[in-house]
Structure formats: structure tokens, C-alpha cells
Amino acid sequence: MGGGQAGTLRRRTYLQLFASSAGDGRLTITNRIIIAVILASVLMAVLGTEAALASENRAFFILAEMAFGVIFLAEYVARVWSSAEAEGDEPAWRKRWSFIISPFGLLDLAVVLACLVPLLVTGAPLFRLLRLLRLAALMKFGRFSVALHELGGAIAERRYDLFVTLALAAALLLFGAAALHWAEGQVQPEAFGSIPRAMWWSIITLTTVGYGDVSPITPVGKFLAALVALGGIGLVAMPTGIIAAAFSDAMQRHRERAEALRRAQGHQD
């Protein structure tokens, strides 16, 4: 194959694999297929944790994991190879290296390793659980990538507000642990004998999880716990509301930019 034909093939491969990362986030046929493979591989990873099912169909699961590993390895190699077509005047090797060390490049490599390492290393449950990293690979496609970018921008815009609320939450967390250590430390030394021990109760209370494994029994302890619980209701909700509002504003700006782009293209036509 001549150099021109290789360049054309590389360009087509680049457009098929990377086109959905920009613009309006439309997916190519190749990326639609890859998404289907990712979802199928995650389903297989989940079903593989069922011992009875995995033992009865061991050969099928092994072959399926090998097939997924080969597909993701081929995708990774194709992305590295075709990334030389990225915009810029840099040499091809530098563009490829930039992709390899990029967040999405590292994610692709982690997905490949998560597929192949469990097949090579026996008795590695941690590596088998890493197969679920494949689901994170969806973030690089189309509107997932756009949404991730917008969410990052939204958090950056509200970072001061988030810092203030997180600082208040940390102060209340420490206050709750110290107060319950003072009120319950002598009565329940195993749970509240020190501030670090009481921190577990404070975290569970502030996040409104309420396992119930640790709770105050003295009147003073219950009163202080009530104050911490009431304060936690507002502080836990504040970061959620800030991020939700910022994300809504960011997506509205994205829709306005997309609409303006469509209008500009319409006028050009």
C-alpha cells in the first residue's frame, strides 16, 4: 500500500474514532459499535461475578473476555496510529504521544489492561473488578464527552461557592465528632472514646445515611446529635444545589451556542 493510500486510511480511521469528541457530539458508526461492545463487556463482567453461572459457562466467559480484550486492544492501537491526523503542525510521533498520555488515552489503556490482565493472572479478584472501568470509557463518546466537559466547566465556575460549603461541612463534621466525644466518650468509649472514633458517627449523621450502628444514649449526647443532624441537612444539600444550578446554566449556554452555529450555517447556505 502506498503512502497516499495509508494516509487516506489513517484519516478515515481518525474521523471514525475521534469525530464524536468534538462539535455537537454526533456518533460515528464505528463508535456506536464500540459503545455496544463496551456495554456487552460490562454485562459479561457483572454476570461473571456470579460463581454458579461463571463455573457452568467458564469456557464461554473466557472466550468472550478474550474477544473483548482483542477488540479493545485493536481500538487502542487504531487510536494511537490515527491520532497522527490530529490538528496541528507537530510531528506524528508527538501527536501520538500526546494522545497516549492524555486522560482518554490513559483510560483506553486501562480498559485494555483490565481486559487482558485477569486472563493472564489467576486469582486476581481486584483485576477482575477493574473490568468495570470499561463503563467509564463511554465518557469519551459524543454527548457523554460534551456533558463531561460542561460539568467540569460548571464546577470550575462555582469552585469558590463549593469551597465555602465544603469548609462549613468539614467544620460541622469536626464539631459533631468533638461534641459527641465530650458527651459520650466516657459512656461509650468504643464508639466515642476519641475524636477520630466519633468521626465515623459524625460522617454517617451528616450524610443522613443513618446506619444506626453507633448512636448517643445520654440526654446531652442526643441534644448535640440533633443539632448536628439538623445542620447537616442543609450543608449536604448545598453543594448538590450549586452543582445542579451550574450544570444547568452550562448546558443552556451549550444549547445557545449550538443554536447560533446552526443559524450561522443556515445563513451561509
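## An all-helix chain and its cores

Of this chain's 269 residues, 33% count as buried, meaning under 20% relative accessible area with a 1.4 Å probe and protein chains only, while exposed is over 50% and partly exposed lies in between. Keep in mind that this is a predicted model, where local features need pLDDT of at least 70, side-chain atom pairs count only at pLDDT 80 or more, and totals for chains, interfaces and linings use all residues. Residues are numbered from 1 along each chain as its sequence is written, and side-chain values use heavy atoms, with hydrogens and water left out.

The secondary structure comes to 13 helices and zero strands, taken from DSSP runs numbered from the N terminus (helices are H or I with at least four residues, strands E with at least two). Among contacts (heavy atoms within 4.5 Å) between residues at least 6 apart in sequence, 63% join residues at least 24 apart.

Now for the cores. A nonpolar core here is a set of buried Ala, Val, Leu, Ile, Met, Phe, Trp, Tyr and Cys residues joined through side-chain atoms within 4.5 Å. The largest one has 21 residues, and Ile38, Phe68 and Phe72 touch the most other members. These helices each supply at least two residues of this core:

| Helix | Residues |
|---|---|
| Helix 1 | 3–18 |
| Helix 2 | 29–47 |
| Helix 4 | 58–82 |
| Helix 6 | 103–120 |

Another core, of 15 residues, lies apart from the largest one and has Ala179, Ala183, Ala191 and Ala198 among its members.

Back to Phe68: leaving out residues up to four places away in sequence, Phe68 touches Val37, Ala40, Ser41, Met44 and Arg134. In the meeting of helix 2 with helix 4, Ile38 is one of the helix 2 residues, and Phe68 and Phe72 are among those from helix 4. The residues of that contact divide into 13 nonpolar, two polar and three charged.

Helix 10 (residues 159–184) has 26 residues and should span 38 Å at 1.5 Å a residue (1.5 Å times one less than the number of residues); its end C-alpha atoms are 37 Å apart, which agrees. Its buried residues include Leu162, Leu172, Ala179, Ala183 and Glu184.

One loop residue is worth a look. Thr208 sits between helix 12 (195–206) and helix 13 (219–268), and has a positive phi of about 60° although it is not a glycine. Most residues other than glycine have a negative phi. Thr208 counts as exposed because its relative accessibility is 55%.

How values were computed
Ala, Val, Leu, Ile, Met, Phe, Trp, Tyr, Cys and Pro count as nonpolar, Asp, Glu, Lys and Arg as charged, and the others, Gly among them, as polar.
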